[in-house]
Amino acid sequence: MSEENSGARRTAVVTGGGSGIGRAIVHRLAEDGLATAVLDLDADAAERVAAEVREKGHEASPFGGVDVSDRAQVDAAVQRIRDAYGPVSVLVNNAGLTGFKKFLHITDEIWDRIIAVNLSGPFYCAQAVVPDMAAAGWGRIVNISSSSAQSGQQFMTHYVASKAGLIGFTKALALELGHEGITVNTIPPGFIDTPMLRKSETKGLLGGSVDHHADLTPVGRPGRPEDIAAACAFLVSDEAGYITGQVIGVNGGRNT
Ligand code: NAP
């Protein structure tokens, strides 16, 4: 879709759209008028979120049981999304796995799984949709990385390496796709109150409670998934066409 006919409804794919930050992004993009594909490993969660959106009168469909680290599953899902909604013009690579392990306890299997989901997943998803965007001369890719890739984080070498890789992926791909009308940016969230964060709190992996960390955050509260969704909604808009290759921190001032 070119800038000239941007009045037609665009199609967005949100990976990991069944929970937390991804769920908020699905709601926001659907409210902004995009037909939104909720792609998630958890089929029930994808169904639930798509149903919530449709109840509010917006357009979303579930594409559950899809593992972003499996190229064949990604390609098949993207084809089903195209069949339902037409070419994809927005991709939000949000699906991610976290992990806490002392460095010497990270096995090859743990390392490979984190890299497969957090870095190869965005690679497969972007390769699946970039041809649609290039054909239309318009596209938006937003990669959800992590503020831990800016600051480092102990016991998360594998996770931080995967997210730092995603930041480099963003910068390189932006240079390559700018001439095609496609922007590529990354949002590294910091301390967002989601099921992922609460699981880490329950396991005692945060080095203090969520409330304790909120006190240490300049804006005095944990982030909300909607904070990330708002930044994402701007980055996928027409107005953001001059922003590409950027790292847009949304972290309450925890990282600058
Ligand atoms: P979340 O609540 O755990 O949601 C992640 C969603 O992604 C879940 O529905 C999960 O499904 C799905 N998913 C996991 N692996 C997948 C795969 N291989 N293929 C498809 N879907 C998969 O996490 P969140 O906190 O919203 O995090 C979203 C993103 O933000 C992640 O990339 C995370 O690294 C990043 N992030 C979050 C924070 C934070 O403070 N929350 C901070 C920095 C970065 P299952 O439930 O079935 O696994």
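A polar contact here is a pair of N or O atoms within 3.5 Å; within protein, one atom must be able to donate a hydrogen and the other to accept it, and residues adjacent in sequence count only if both atoms are side-chain atoms. Keep that in mind as you open this predicted model, where local features need pLDDT of at least 70, side-chain atom pairs count only at pLDDT 80 or more, and totals for chains, interfaces and linings use all residues. Residues are numbered from 1 along each chain as its sequence is written, and side-chain values use heavy atoms, with hydrogens and water left out.

**Stop 1: the ligand**

Select the ligand and Tyr159. An N or O atom in the side chain of Tyr159 sits 2.6 Å from an oxygen atom of the ligand. Now add Asp40, where a side-chain N or O atom is 2.7 Å from a ligand oxygen. Lys163 joins the picture too, with a polar side-chain atom 2.8 Å from an oxygen atom of the ligand.

How much of the ligand's accessible area does the protein cover? On its own the ligand has 890 Å² of accessible area, and the protein covers 89% of that. (Accessible areas come from the Shrake-Rupley method with a 1.4 Å probe; for residues, only the protein chains shown count as cover.)

Next, colour the elements around the ligand. Those giving two or more residues to its shell are α1 (20-31), α4 (108-136), α6 (157-177) and α7 (195-202). Helices (H or I, at least four residues) and strands (E, at least two) are DSSP runs, numbered from the N terminus.

Show the whole shell: 26 residues surround the ligand, and Ser19, Asn94, Tyr159, Ile192 and Thr194 come nearest. A residue is near a molecule or strand if one of its heavy atoms lies within 4 Å of it. By type, the shell holds 13 nonpolar, eight polar and five charged residues. In this count Ala, Val, Leu, Ile, Met, Phe, Trp, Tyr, Cys and Pro are nonpolar, Asp, Glu, Lys and Arg are charged, and the others, Gly among them, are polar.

**Stop 2: the cores**

Select Ile81, Leu91 and Ile141. Of the 31 residues in the largest nonpolar core, these three touch the most other members. A nonpolar core is a set of buried Ala, Val, Leu, Ile, Met, Phe, Trp, Tyr and Cys residues joined through side-chain atoms within 4.5 Å. Buried means under 20% relative accessible area, exposed over 50%, and partly exposed in between (1.4 Å probe, protein chains only).

At least two residues of this core come from each of β2 (35-40), α3 (71-85), α4, α6 and β6 (182-187). Which element gives the most? That is α4, with eight residues.

Centre on Ile141 and look at what surrounds it. Leaving out residues up to four places away in sequence, Ile141 touches a list that includes Leu91, Ala126, Val130, Leu173 and Val184. Contact means heavy atoms within 4.5 Å. A second, separate core has 30 residues, among them Ala12, Val14, Val49 and Ile187.

**Stop 3: Thr11**

Go to strand β1 (residues 11-15) and pick Thr11. Is Thr11 buried or exposed? Thr11 counts as buried because its relative accessibility is 2%. Its side chain reaches the backbone oxygen of Tyr85 at 3.3 Å. Beyond neighbours within four places in sequence, Thr11 is in contact with residues including Ala35, Ile81, Gly86 and Val90.

**Stop 4: two positive phi angles**

Most residues other than glycine have a negative phi. Select Phe155, in the loop between α5 (148-151) and α6, and you will find a positive phi near 65°. Phe155 is partly exposed, at 37% relative accessibility. Then try Phe191, in the loop between β6 and α7: its phi is also positive, about 60°. With 12% relative accessibility, Phe191 counts as buried.

**Stop 5: after α9**

Finish in the segment after α9 (225-235), where you can select Tyr242. At 83% relative accessibility, Tyr242 counts as exposed. Draw a C-alpha to C-alpha line from Tyr242 to Gly181: they are 61 residues apart in sequence and 9.9 Å apart in space. Ser237 also has its place in the segment after α9. Ser237 counts as buried, at 18% relative accessibility, and it touches Trp138 and Arg140, not counting residues up to four places away in sequence.
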